[in-house]
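Here's a quick report on a protein model and the two ligands that come with it. Have a look at the structure first, then we'll go through the binding shells and a couple of backbone oddities.

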Amino acid sequence: MAKEIKVLVTGAAGQIGYSLVFPIANGDVFGKDQPVHVVLLDIPQMIEAVKGVVLELQDCALPSLKNITATSDVQEAFTDIDYAILVGAMPRRQGMERKDLLKANAKIFEQQGKALDTYSKKTVKVLVVGNPANTNCLIAATCAPSIPKKNFTCLTRLDHNRAKAQIAGRLGITANCVENAIIWGNHSSTQYPDVSHASVKIGDKPKQSVVEAVKDDAWLNGDFITTVQKRGAAIIEARKLSSAMSAAKAICDHIRDWHFGTPAGQWTSMGIYSTGKFYEIAENLIYSMPVYIDDQGCYKVEDGLSISDASRARMDATANELLAERNDAFTFLQGQSS
Ligand code: NAD
Ligand code: LMR
């Protein structure tokens, strides 16, 4: 039998946590034959609620669930983990931008970055979900200098899935028929959902580009982009709570692809550490880009795409927002520690 995979989920008592732990424990992410040890972290005030999640997980009687740990102790939670899914953070409410959460959440990711550095395996793969996800991920990576920067990612798969679903809805097909959408930049309203390199397969017809199939450049350059950019806010307005089911699904997609690899010829979108070598994006930002992932879990940026002037302007706008968030975050954290 395969060696167990130890997966930490922070914010386990929250709404995303509740939707996320079942598919992980059920083998929907790492495979049905792969034993998993699920570690659930939340703050001390929420530990009773986490215990309730544990009771339910036990009652699911899942064959791949080898072990469960519920804790509010950071050292216990981060020790020897293979994957860290960092969800625990304050969500935004109606009328807020995600970057308004920076001050509320930056300290969490500073502490958890240090915990990764001190207690986790150097091979741990980290997915930051708590908002503002890109900048929180950068904080965690900076605070964990002993772990390679390529092991730190943030979630833009939800935006990627939203982009695919919008195109599919427009064409009356299902989202799996849409390939190679890209989310560039920040998981915020400046993100750039780009389908200029995407393709669709409609029925028996040969694959064609999304631009050819949709035949409506005004929509693709207008409402399509703003709908994806503002989808999180639309959900908050309707539910009075931020996305949870779709966020958990996107987290599973992200981790599954990072573990097993992307399907042949298809990239996905992940917020990754920018080395300054790709698409003229500044170094030391977590910036979403198209990546292929191999079956060993190593990703490679698709770096050969042509970029139009209009795309360039959008990619730079979201990079500039990330530069400003980085500045705000580290100024704030330095002020706290002095
Ligand atoms: P929630 O309020 O339902 O749950 C958050 C949980 O985190 C709570 O149980 C809270 O006690 C816990 N928590 C707070 N501080 C913690 C800490 N230091 N350590 C461990 N746990 C801690 O929120 P939610 O709806 O589950 O959302 C969680 C975060 O995910 C929010 O920041 C939200 O904005 C973000 N989010 C991101 C995406 C994305 O695509 N990147 C999508 C949806 C939500
Ligand atoms: C989302 O995109 O749904 C989440 O980031 C929650 C939010 O604040 O929009």
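## Two ligands and some backbone details

Let's begin with ligand 2, where an oxygen atom has a polar side-chain atom of Arg98 at 2.8 Å. Keep in mind that this is a predicted model, and every distance below is computed from it. Arg162 does much the same job on paper: one of its polar side-chain atoms is 2.8 Å from an oxygen atom of ligand 2. Ser243 joins in with a side-chain N or O atom 2.7 Å from a ligand 2 oxygen. How much of ligand 2 does the protein cover? On its own, ligand 2 has 260 Å² of accessible area, and the protein covers 94% of it.

The shell around ligand 2 is made up of Arg92, Arg98, Asn131, Leu158, Arg162, His187, Gly232, Ile236, Ser242 and Ser243. Sorted by class, that gives 2 nonpolar, 5 polar and 3 charged residues. Two helices, α6 (157-171) and α10 (231-239), each put at least two residues into this shell. As for location, ligand 2 sits in the largest pocket. Domain 1 (5-154) and domain 2 (157-322) both contribute to its shell, so ligand 2 lies between them.

Now for ligand 1, which also has its place in the largest pocket. Its shell draws two or more residues from each of α1 (15-25) and α4 (102-119). There are 25 residues around ligand 1, and the ones that come nearest are Gln15, Asp42, Met90, Val129 and Asn131. By class, the shell splits into 14 nonpolar, 10 polar and 1 charged residues. Where does ligand 1 lie relative to the domains? Both domain 1 (5-154) and domain 2 (157-322) give residues to its shell, so ligand 1 lies between them.

On the polar side, Asp42 has a side-chain N or O atom 2.6 Å from an oxygen of ligand 1. His187 offers a polar side-chain atom at 3.2 Å from a ligand 1 oxygen, while for Ala89 a polar backbone atom is 3.5 Å from one. Taken alone, ligand 1 exposes 870 Å², of which the protein buries 88%.

Here are the polar contacts of both ligands in one place.

| Residue | Part of the residue | Ligand oxygen | Distance |
|---|---|---|---|
| Asp42 | side chain | ligand 1 | 2.6 Å |
| His187 | side chain | ligand 1 | 3.2 Å |
| Ala89 | backbone | ligand 1 | 3.5 Å |
| Ser243 | side chain | ligand 2 | 2.7 Å |
| Arg98 | side chain | ligand 2 | 2.8 Å |
| Arg162 | side chain | ligand 2 | 2.8 Å |

A few names turn up twice. Asn131 is among the residues that come nearest to ligand 1, and Asn131 is also in the shell around ligand 2. His187 has its contact with ligand 1 and is listed around ligand 2 as well.

Asn131 brings us to the backbone. Its peptide bond to Pro132 is cis, with omega near -5°. Pro132 itself belongs to the loop between β5 (125-128) and α5 (133-142).

The other backbone detail is Lys215. Though not a glycine, Lys215 has a positive phi, near 55°. Look for Lys215 in the loop between α7 (210-214) and α8 (217-221).

Key
Residues are numbered from 1 along each chain as its sequence is written. Chains are lettered from A and ligands numbered from 1 in the order in which they are written. This is a predicted model: local features need pLDDT of at least 70, side-chain atom pairs count only at pLDDT 80 or more; totals for chains, interfaces and linings use all residues. Side-chain values use heavy atoms; hydrogens and water are left out. A residue is near a molecule or strand if one of its heavy atoms lies within 4 Å of it. A polar contact is a pair of N or O atoms within 3.5 Å; within protein, one must be able to donate a hydrogen and the other to accept it, and residues adjacent in sequence count only if both atoms are side-chain atoms. Accessible areas come from the Shrake-Rupley method with a 1.4 Å probe; for residues, only the protein chains shown count as cover. On a 1 Å grid over the protein atoms alone, a cavity is a set of points where a 1.4 Å probe fits but cannot get out, and a pocket is an open set with protein on both sides within 12 Å along at least five of seven lines; lining residues have an atom within 4 Å of a point. A molecule sits in a cavity or pocket if more than half of its atoms lie within 2 Å of its grid points. Helices (H or I, at least four residues) and strands (E, at least two) are DSSP runs, numbered from the N terminus. Ala, Val, Leu, Ile, Met, Phe, Trp, Tyr, Cys and Pro count as nonpolar, Asp, Glu, Lys and Arg as charged, and the others, Gly among them, as polar. Domain bounds come from an automatic or database domain assignment.
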